[in-house]
Amino acid sequence: QGQGSFCPFEAIYQFGDSISDTGNIDFINHQGKCSKEPFGETYFHHPVGRCSDGLLMVDYFAQALRLPFLSPYQNKSADTSHGVDFAVAGSTALDLSFFQERNVTWPNSANNRPISVQLSWFREHLNNSICKTLTPSECATKLSKALFLIGEIGFNDFNWPFNSGTKIEGLATYIPPVVQAITGAVKEVIRQGAVRIIVSGLFPMGCVPFYHRNATYVIKEPKDEFQCLKPYNDLASNYNKNLQEALSLLGKEFPNAVILYADYYNAFMSLLRRAQSLGFNETTLLKPCYIPPKINSTTPAFNCSNPAQYIFFDNVHPTQAAYKHMAEYLIDNTLSKIPCTQ
């Protein structure tokens with residue numbers, strides 16, 4: 001079972017945030033930035049609600065598994081016979097009440113569909129669609145032939161509190177509850193019948209342009225050789241380590257399920273290390289291709305002429321070119337390791 005040959009999956013079910021959303025946000029908030037140009041310009045040539053200039057990692061996963069692109073759950077007229085995407089841009093692993101108790105607010109919380117809501121959509125989908133006429137054991141058999149992707153989710157749980165002034169020590173206290181929310185989601189899909197599940201870690205947060213916008217503390221923070229902010233990369237590494245430990249415990253609790261960790265952190269760092277040889281512009285590695293116009297400003301938006309030379313499309317989201325390389329890394333290191341029979 002080498003590169004290019006994977007287990008036959010009948011469907012993919014995915015939960016997550018904007019790294020994974022194939023268009024749910026477009027149905028929830030058609031005014032969102034990912035529903036406007038220049039998003040989608042490279043592949044679709046118009047915005048489709050994906051927060052990139054083109055394809056996402058899940059699109060490359062689908063291609064590798066010879067399945068169609070995942071339809072967003074909110075598109076009620078879409079074909080869902082090969083799986084559904086429940087991910088929503090801007091979503092968190094934790095419920096809004098967690099943040100309200102800590103006085104954390106953010107501008108688009110109305111769009112947030114945390115993992116608990118995405119799981120309720122999944123249950124609705126089972127009851128009203130794919131398992132409507134099946135017995136519970138038939139439904140479980142059907143789901144055993146699907147691949148489940150949990151994530152990427154959790155970035156916004158740190159991102160928004162950071163944006164509203166939470167210090168790094170405070171952000172570190174969010175790690176256990178976020179991990180718990182994600183492992184809870186894994187347990188739920190396993191109980192419904194999932195047997196092959198990939199759970200994503202976080203990107204190196206300190207490399208994301210969003211974290212470089214506040215010049216005063218960026219100057220003070222220690223950086224790595226790529227100019228990524230070390231404390232935020234350490235936070236992501238610490239989170240990833242906690243998540244992996246929790247997943248290995250889950251593996252013991254559910255020996256009949258295959259639970260794999262998708263190492264987004266090293267997929268991204270591998271891309272950063274090889275960026276020049278992969279055709280990315282050395283001078284703009286941590287800079288966005290597209291900078292939207294500031295509210296009430298006369299400065300026009302900036303849009304680079306060739307997104308394929310950039311790792312980031314905007315302040316948070318990678319380009320199709322970056323996603324392609326990260327997806328290849330994850331297909332080699334994760335997808336190809338899924339056993340076909342359990």
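In the predicted model, strand β4 (residues 146–150) pairs with strand β5 (residues 196–200) in the parallel sense, over 3 bridges. Within this pairing, L149 stands opposite I198 of β5, and the bridge partner of I150 in β5 is V199. Strand β5 also pairs with β6, again in the parallel sense, over 5 bridges; here I198 stands opposite L260 in β6. In general, the strands of a sheet pair through backbone hydrogen bonds, in either a parallel or an antiparallel manner.

These pairings belong to an open sheet of 6 strands, arranged in the order β2-β3-β1-β4-β5-β6 with parallel pairing. The edges are occupied by β2 (71–72) and β6 (258–262); each has a single partner strand, so one side of each is left without a neighbour in the sheet. Helix α4 (residues 115–130) lies across β1 (11–15), β3 (83–85) and β4, and runs at about 150 degrees to β1.

The burial of β5 was examined next. In a regular strand, side chains alternate between the two faces of the sheet. Both faces of β5 are covered: R196, I198 and S200 are buried on one side, and I197 and V199 are buried on the other. Because 5 of the 5 residues of β5 are buried, this strand is largely enclosed by the rest of the structure.

Internal empty space was also considered. Such space is revealed by rolling a probe the size of a water molecule over the atoms. The count comes to 1 cavity of 30 Å³ or more, and the largest cavity has a volume of about 50 Å³. Its lining consists of Q14, M57, V58, F61, L149, G151, I198, S200, A262 and Y264. The elements that give two or more residues to this lining are α2 (57–64) and β5, and α2 gives the most, with 3 residues. L149 and I198, which stand opposite each other in the pairing of β4 with β5, are both among the lining residues.

Helix α8 (residues 175–192) has 18 residues, which at 1.5 Å a residue should span 26 Å; the end C-alpha atoms are 26 Å apart, in agreement with this expectation. The buried residues of α8 are I175, V178, V179, A181, I182, T183, A185, V186, E188, V189 and I190. An α-helix has 3.6 residues a turn, so residues three or four places apart point the same way. After α8 comes G193, whose phi is positive, near 130 degrees.

Terms used: Residues are numbered from 1 along each chain as its sequence is written. This is a predicted model: local features need pLDDT of at least 70, side-chain atom pairs count only at pLDDT 80 or more; totals for chains, interfaces and linings use all residues. Side-chain values use heavy atoms; hydrogens and water are left out. Two strands pair if DSSP finds at least two bridges between them. Helices (H or I, at least four residues) and strands (E, at least two) are DSSP runs, numbered from the N terminus. Contact means heavy atoms within 4.5 Å. Axes are lines fitted to C-alpha atoms, for helices over the stretch in contact, and angles run from 0 to 180 degrees between N-to-C directions. The expected span of a helix is 1.5 Å times one less than its number of residues. Buried means under 20% relative accessible area, exposed over 50%, partly exposed in between (1.4 Å probe, protein chains only). On a 1 Å grid over the protein atoms alone, a cavity is a set of points where a 1.4 Å probe fits but cannot get out, and a pocket is an open set with protein on both sides within 12 Å along at least five of seven lines; lining residues have an atom within 4 Å of a point. Grid points are joined across faces, edges and corners, and a volume is the space filled by probe spheres set on the points.
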